[in-house]
Amino acid sequence: MDGLADPVINTPMLGMDAILAEVMRRRPQQGLFVVGVGGSVAVGKSTFARALGQAIAALADAPRVEIVSTDGFLFSNKTIAERGLKGRKGFPESFDVDALRAAVRAIRLGRQVRVPLYSHTVYDVDPENAH
């Protein structure tokens with residue numbers, strides 16, 4: 001992934017304590033640290049990321065934690081429909097991968113990034129709402 005990814009922690013059989021310990025072991029002494037969570041559609045990536053973020057934030061000398069959901073990088077419903085991807089929403093081809101990569105690069109460089117948010121009320125990216 002363009003040299004952005006650190007070695008993977010394969011987590012299917014690890015508990016949260018073991019994952020937390022491994023993430024913190026890999027944390028650099030200073031600077032930003034990006035942890036990515038991947039998985040299939042609707043398997044609980046956001047739920048897991050929130051739990052991991054809360055676990056990190058609860059540590060003594062905890063770093064600041066920000067969670068950036070990839071849902072905000074989904075193409076709009078209009079674009080998804082135009083591309084014939086309605087049945088593939090949430091799959092890789094339904095994401096604006098270029099925008100996601102640009103955001104991750106900027107975050108890793110310590111720049112402020114405006115991340116679009118996905119509305120679970122209207123089930124679409126909300127261009128007026130960002131994190």
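Here are some friendly notes to read alongside the structure above.

1. **What you are looking at.** Keep in mind that this is a predicted model. The protein chain contains 4 helices and 2 strands. Starting from the N terminus, the elements come in the order α-α-α-α-β-β. If you want a sense of scale, the C-alpha atoms fill a box of roughly 45 × 35 × 30 Å along the principal axes.

2. **Helix 4.** This helix covers residues 97–108, which makes 12 residues. From its first C-alpha to its last it reaches 16 Å, close to the 16 Å expected at 1.5 Å a residue. What follows helix 4? Gly-110 does, and its phi is positive, near 80 degrees.

3. **The two strands.** Strand 1 spans residues 116–119, and strand 2 spans residues 124–130. They run antiparallel and are joined by 4 bridges. To find your way across the pairing, look for Tyr-118 opposite Val-125 in strand 2, and for Ser-119 opposite Asp-124 in strand 2.

4. **The hairpin.** Strand 1 and strand 2 form a hairpin with 4 residues between the strands. Here Tyr-123 is worth a click: its phi is positive, near 55 degrees. A positive phi also appears at Gly-110, after helix 4.

5. **A pocket to explore.** The second largest pocket has a volume of about 210 Å³. Which elements each supply at least two residues of its lining? They are helix 2 (45–57) and strand 1 (116–119). Among the lining residues are Ser-46, Arg-50, Asp-71, Leu-117, His-120 and His-131. Tyr-118 belongs to this lining too, and you have already met Tyr-118 as the residue opposite Val-125. By kind, the lining residues divide into 5 nonpolar, 5 polar and 2 charged.

6. **Rings and charges.** How many aromatic pairs are there? The count comes to 0. In general, such a pair is described by the distance of the ring centres and the angle of the planes. Rings do meet charges in this model, though: the charged end of Arg-83 sits over the ring of Phe-75, 4.3 Å from its centre. Likewise, the charged end of Arg-88 sits over the ring of Phe-91, 3.9 Å from its centre.

Conventions: Residues are numbered from 1 along each chain as its sequence is written. This is a predicted model: local features need pLDDT of at least 70, side-chain atom pairs count only at pLDDT 80 or more; totals for chains, interfaces and linings use all residues. Side-chain values use heavy atoms; hydrogens and water are left out. Rings of Phe, Tyr and Trp (its six-membered ring) pair if their centres lie within 6.5 Å; planes under 30 degrees apart count as stacked, over 60 as edge-to-face and the rest as tilted. A charge sits over a ring if NZ of Lys or CZ of Arg is within 6 Å of the ring centre and within 35 degrees of the ring normal. On a 1 Å grid over the protein atoms alone, a cavity is a set of points where a 1.4 Å probe fits but cannot get out, and a pocket is an open set with protein on both sides within 12 Å along at least five of seven lines; lining residues have an atom within 4 Å of a point. Grid points are joined across faces, edges and corners, and a volume is the space filled by probe spheres set on the points. Ala, Val, Leu, Ile, Met, Phe, Trp, Tyr, Cys and Pro count as nonpolar, Asp, Glu, Lys and Arg as charged, and the others, Gly among them, as polar. The expected span of a helix is 1.5 Å times one less than its number of residues. Two strands pair if DSSP finds at least two bridges between them.
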